[in-house]
Amino acid sequence: MSVLTRDDAQTRAKLLDVHRYTIALDVTTGDDTFDSRTVIRFTLRTDGDTFVELKPAQLRSATLDGQPLDPESLDGDRLPLKNLTAGEHELHIDASMRYSRTGEGMHRFTDPADGETYLYTNLCMDDAPRVFAAFDQPDLKAVFELTVKAPEHWTVLANGIAEHLGDGHWQTAPTPRISTYLVAVAAGPYHSVTTEHRGLPFGLHCRRSLAPYLDADADELFEVTKQCYDRYHEKFEEPYPFDSYDQAFVPEFNAGAMENPGLVTFRDEFVYRSAVTDTERQTRAMVIAHEMAHMWFGDLVTLRWWDDIWLNESFAEYMGYQTCAEATRFADTWTDFGVARKAWGYEADQRPSTHPVAPDPELVPDTASAMLNFDGISYAKGASALRQLVAWLGEKDFLAGINTHFARHKFANATLADFIDSLASSTERDVHAWAETWLRTTGVDTLKPQVTPGDEGTYTLQVEHTGSRPHRIAVGLYDRTLAEGATDEGRHLVLRERLDLDIPQTAPQPIGKRPALLLLNDGDLSYAKVRFDADSFDTVRAALSGLPDPLTRAVVWNALRDAVRDGELAPTAYLEAARTHLPHETDLALVQGVLAFASVQVAGRYMTPEERPAALATLTSLCRDLIRRTEDGDNPGLRLIAVRHFIDVAAHPDTIAAWLADGTVPGGPELDPELRWRILARLAALDATDETAIAAELDRDPSATGQEGATRCRAALPDAAAKRAAWEAMFAHDDLSNYLFTATAQGFWQPEQAELLQEYVPRYFEDAVALAARRGPAIADAAGRYAFPAHAVDADTLNHGERCLRNADPIPALRRKLADQLDDLARALRVREA
């Protein structure tokens, strides 16, 4: 298949205007293909040649202005349109298209719980031609009108309100002008819950087997949706630009969600079958806010080319967290951003594959390279940059610039230069210079305090700044104090003063008497790694949990995490800090984030196999303390996190096997499907269960997630035949769906089974390259993300991977993932050496 280049897109955009797509889909033609008939009305500005994209199973016919085109002229995914004259044209395409099992194009899923089939589209960024013929680039917007023929008992959803005409025929309302990648259809016997808000129809949809769980959460989901909708209308002068707001929770979805106007699609893990923490509910609320922000950032005003993907994602990320904090009950979303999402950005920005938030167009020459930029930089770093911009610019001027941007470019396309010009119209500050330093550069700045004594017991602060960006930060000065009646061990920290500071400094900053803790970037308003002076680090080790604000504690935990990754703090010191302070932590996002880093990275990669048992013992003891702390039932979320991680780090099977046999953790919670599969997967890795038990559990839970759980457990069994079967399923056969591939990969590699798995490490690099070439970007991403032998932290694995990158020519999606994984592996080796 051809890859659309930026040059091709620019040439085509200069040549033609696209007015309307009329698309007829028939999804009653069988299990493998569906029929797609497309009429495209467009205008050529001058005489010339162009092409239309489609990826059919069979191109039955094509006519242009009533004249037949030769179907055999289809070259890859391009149908040439030659010798066109200036003026109006009408193209008709009749094709059979393949369903996808990888979350790309039109995905087809049959629910094992009840045998019902569901379809949905995911067309970002170049998958629209898998469903209909298209001039598939974001700056050729058009009106879309669809008809769908489906089984009579199905529901059809689309960007515009869909009307059932009878006999399985559905007609959708024409959209405003939108880009091809934003067209969306979902069809199947979906369960729906509907309401209205401000005269607009709102809907929630999921497969029938999840109906009780959606119904249980519908009030919360609608409440968050309405709160965000109202808040955006307070911020934005341009009203919501579409005729309805449906949110469909769909199976085997590759992303967290997709911002299709009027029909947002979410992975249906957000319909909770099992117990979740309030932080997980907060994450779901943030994703709702994020996708709704896209209705303006991305859908109303769309990037011209994919180098400006940050104009979509960074803004939605920032607005999602900010609006959630302002409008919903989840007021502490920035803490979760700081400990989870921001770490994603920091890690991505320190790899060789880093790129500017707004890369030069030459760095995004085609859609394949553009797809690689949906990463921690375009999301988390970009959102951090915008948060810094708001702190520097002021929210009033920031929102004024945004509203100018919407007014100038609604239902059209815009670039970084357009956006900066809109901001500049609302402020006296030099936002063009800000954009150059923040959006056009790579890497993470580091800020380190230098505290110098002055006169009469006072001190000054000079910040050592490694990097090139200006920063506006807060500096927190904290003093030790004693709670009433407390001993020395009961010391905690109080904020004496929070200073605003511009970096680089023009002069040392007076700070009065020396604080016990001096914390740079308190409040987490900038994007930079921070370090501690020696006295402050001693305070952190002794009193981190005594800091009064969770966002402040997140900044400290991130600083410790960065120091471990940079080889400046021993992994054991991080574990000691976790063991000391997490038993007193109240913020669930912090507990989850610290435990995840401690178990996956510290115990799993940064410590040697010989050190791993002691690390697991420390984490087991910590989780046991958290479980004891929550015996009174006052904090079920904290207890759930502790139970999950106790299972994950269990080095011996007895305790968790007893929980599974009893169906409960003593004192609660009772084991729901998620916990039962979690325990069984760990027992499989520890050689403490077998196929009989896995099959029995699947009989108990035959759902889609049950199928994934059984697949994960079978791949985790430390048995040569089980490993061989799992490997062949992943790499020799091409019938695993995207989710079942991921489940197999997650189970396959286990640190406790290194000797058994040794032969598969070099095989991975050869087999993954061949698999990615056959199955495409979605499976390539999964193969690089989940099937990589991350446990094998050694020079041999690094050498195998580097040879693969030099000699094997993996497709771009896999090459990027391998480059990132190998850089992480090299970092882990350096941490071990340090």
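A salt bridge is counted here when a side-chain nitrogen of Lys or Arg lies within 4 Å of a carboxyl oxygen of Asp or Glu. By this rule, the predicted model contains 60 salt bridges. The points below present several of these contacts and one helix.

**Salt bridges between separate parts of the chain**
- Arginine 207 and aspartate 268 form a salt bridge through their side chains, with an N to O distance of 2.8 Å.
- Arginine 207 is in the loop between strand S16 and helix H2, and aspartate 268 is in the loop between strand S19 and helix H3, so the pair ties together parts that are 61 residues apart in sequence.
- Arginine 207 is buried, at 5% relative accessible area, and aspartate 268 is buried at 7%.
- A salt bridge of 2.6 Å, N to O, joins aspartate 566 and arginine 531.
- This pair links distant parts of the chain, 35 residues apart: aspartate 566 follows helix H12 in the loop leading to helix H13, and arginine 531 lies in the loop between strand S28 and helix H11.
- Aspartate 566 is partly exposed at 28% relative accessibility, whereas arginine 531 is buried at 10%.

**Helix H27**
- Helix H27 covers residues 812–833, and its end C-alpha atoms are 32 Å apart, in agreement with the span expected for 22 residues.
- Of these 22 residues, 16 are buried, so H27 is largely enclosed by the rest of the structure.
- Within H27, aspartate 820 and arginine 816 are four residues apart, about one turn of the helix.
- The two residues form a salt bridge whose closest N and O atoms are 3.1 Å apart.

**A salt-bridge network**
- Arg231, Glu234, Lys235, Glu326 and Glu395 are connected in a network of salt bridges.

Methods. Residues numbered from 1 in each chain as written. Predicted model: local features only at pLDDT ≥ 70, side-chain atom pairs only at ≥ 80, totals over all residues. Heavy atoms only, no water. Helix = DSSP H or I, 4+ residues; strand = E, 2+ residues; numbered from the N terminus. Expected span 1.5 Å × (residues − 1). Buried < 20%, exposed > 50% of the residue type's maximum accessible area, 1.4 Å probe, protein only.
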